Each structure stands twice: as C-alpha cells, then as structure tokens.
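Trainee: I would like to go through the terms used for this protein and ask how each one is justified.
Mentor: Go ahead; here it is.

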Amino acid sequence: MSDKLKCSAEMVGYDPDHIHECGWNYIYVYPEEEGDLAIHYTLGNHLKGLPELVLLGPLPPDSVGALFNRLIEEWKYGLPVVTGDLSGYLPEPYKLRIVE
C-alpha cells in the first residue's frame, strides 16, 4: 500500500498509530437515527501546524474523506488556509464554509 493511500481519510476512528505515522486521523461519528447529524473531524493536524477540521451534516464519509484529504494536502504543500465559502470543494447541493 502506498503512503498516499495509507495516509488518506479512508480510516475512521481514533488510531494513535495512524496519527503518529501520517500526521492526522479522520473520525466519523455515525448518526444514531435517520435525520441526526453526522460529525466528521480530524485529529493530529495541529501537530503539523495545520488546523483541525470539523464538519457537521449528512455528507457520506467518502465525500468528507476526499474533502479532508484535499484540504490537508493543499495546506501541507504551502497553499494558504483560507476562510469563507469553499462550496466548490463539495458536490451540489452541499455548502462549505471554513471559519476560524
């Protein structure tokens, strides 16, 4: 398995070994009932000077994982962390806004 795949947001759940190896981990808290919000968040980004991410909503974990991967890769390669509307990062009809 390549490092790029091994260090993607494919994993869900707290895994300190993954954080140590890849620098971050994606955690997905499943909604208990239909209509409840799912909670998606990262752990470990702060260890590399990057912001942690939290996303609330009905998005599927694969979409959020792809989003987290994209943002973290951009930030690791020097693109600035921007705030505001980033809805172009997600498929319609979803909206994304990054706030500090």
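Trainee: Where is Leu71 found?
Mentor: Leu71 is found in helix H3. Before going further, note that this is a predicted model, in which local features need pLDDT of at least 70 and side-chain atom pairs count only at pLDDT 80 or more, while totals for chains, interfaces and linings use all residues. Residues are numbered from 1 along each chain as its sequence is written, and side-chain values use heavy atoms, with hydrogens and water left out.

Trainee: What makes a stretch a helix or a strand?
Mentor: Both are DSSP runs, numbered from the N terminus: H or I of at least four residues for a helix, E of at least two for a strand. The protein comes to three helices and five strands, and along the sequence they follow the pattern α-α-β-β-β-α-β-β.

Trainee: Why is Leu71 called buried?
Mentor: Buried means under 20% relative accessible area, exposed means over 50%, and partly exposed is in between, with a 1.4 Å probe and protein chains only. Leu71 has a relative accessible area of 3%, so Leu71 is buried. Its C-alpha atom is separated by 9.0 Å from that of Tyr89, 18 residues apart along the chain. Of the 100 residues in the protein, 37% are buried.

Trainee: Why does Leu86 count as buried?
Mentor: Leu86 has 12% relative accessibility, and therefore counts as buried. Leu86 is placed in the loop between strand S4 (84-85) and strand S5 (97-98). Leu86 and Arg97 are 11 residues apart in sequence and 5.6 Å apart in space, C-alpha to C-alpha.

Trainee: How do you know which rings form an aromatic pair?
Mentor: Rings of Phe, Tyr and Trp (its six-membered ring) pair if their centres lie within 6.5 Å; planes under 30 degrees apart count as stacked, over 60 as edge-to-face and the rest as tilted. By this rule there are two aromatic pairs. One of them is Tyr26 with Phe68, at 5.3 Å centre to centre and 80° between the planes, which is edge-to-face. This pair links distant parts of the chain, 42 residues apart: Tyr26 is in strand S1 (residues 25-29) and Phe68 in helix H3 (residues 61-76).

Trainee: Are the two residues of that pair buried or exposed?
Mentor: Tyr26 has 1% relative accessibility and counts as buried; Phe68, at 2%, also counts as buried.

Trainee: What makes S1, S2 and S3 a sheet?
Mentor: Two strands pair if DSSP finds at least two bridges between them. Five bridges join S1 to S2, which run antiparallel, and four bridges join strand S2 (residues 38-43) to S3, also antiparallel. The result is an open sheet of three strands in the order S1-S2-S3. S1 and S3 stand at the edges with a single partner strand each, so one side of each has no neighbour in the sheet. The twist averages 15° from one strand to the next, taking axes as lines fitted to C-alpha atoms (for helices over the stretch in contact) and angles from 0 to 180 degrees between N-to-C directions.

Trainee: Which residues stand opposite Ile39 in S2 and Gly57 in S3?
Mentor: Val29 stands opposite Ile39, and Ala38 stands opposite Gly57.

Trainee: Which side chains of S2 point to which face?
Mentor: In a regular strand the side chains alternate between the two faces of the sheet. Along S2, Ala38, His40 and Thr42 point to one face and are buried, whereas Ile39, Tyr41 and Leu43 point to the other and are not.

Trainee: How do you know that Arg70 and Glu74 form a salt bridge?
Mentor: A salt bridge is a side-chain nitrogen of Lys or Arg within 4 Å of a carboxyl oxygen of Asp or Glu. The closest N and O atoms of Arg70 and Glu74 are 3.3 Å apart, and they form a salt bridge. Both residues lie in helix H3, four residues apart, about one turn of the helix. Arg70, at 40% relative accessibility, counts as partly exposed.

Trainee: How many salt bridges are found in the whole structure?
Mentor: Two. Lys76 and Glu73 also meet in a salt bridge, at 3.1 Å from N to O. Lys76 is partly exposed at 44%, and Glu73 is partly exposed at 22%.
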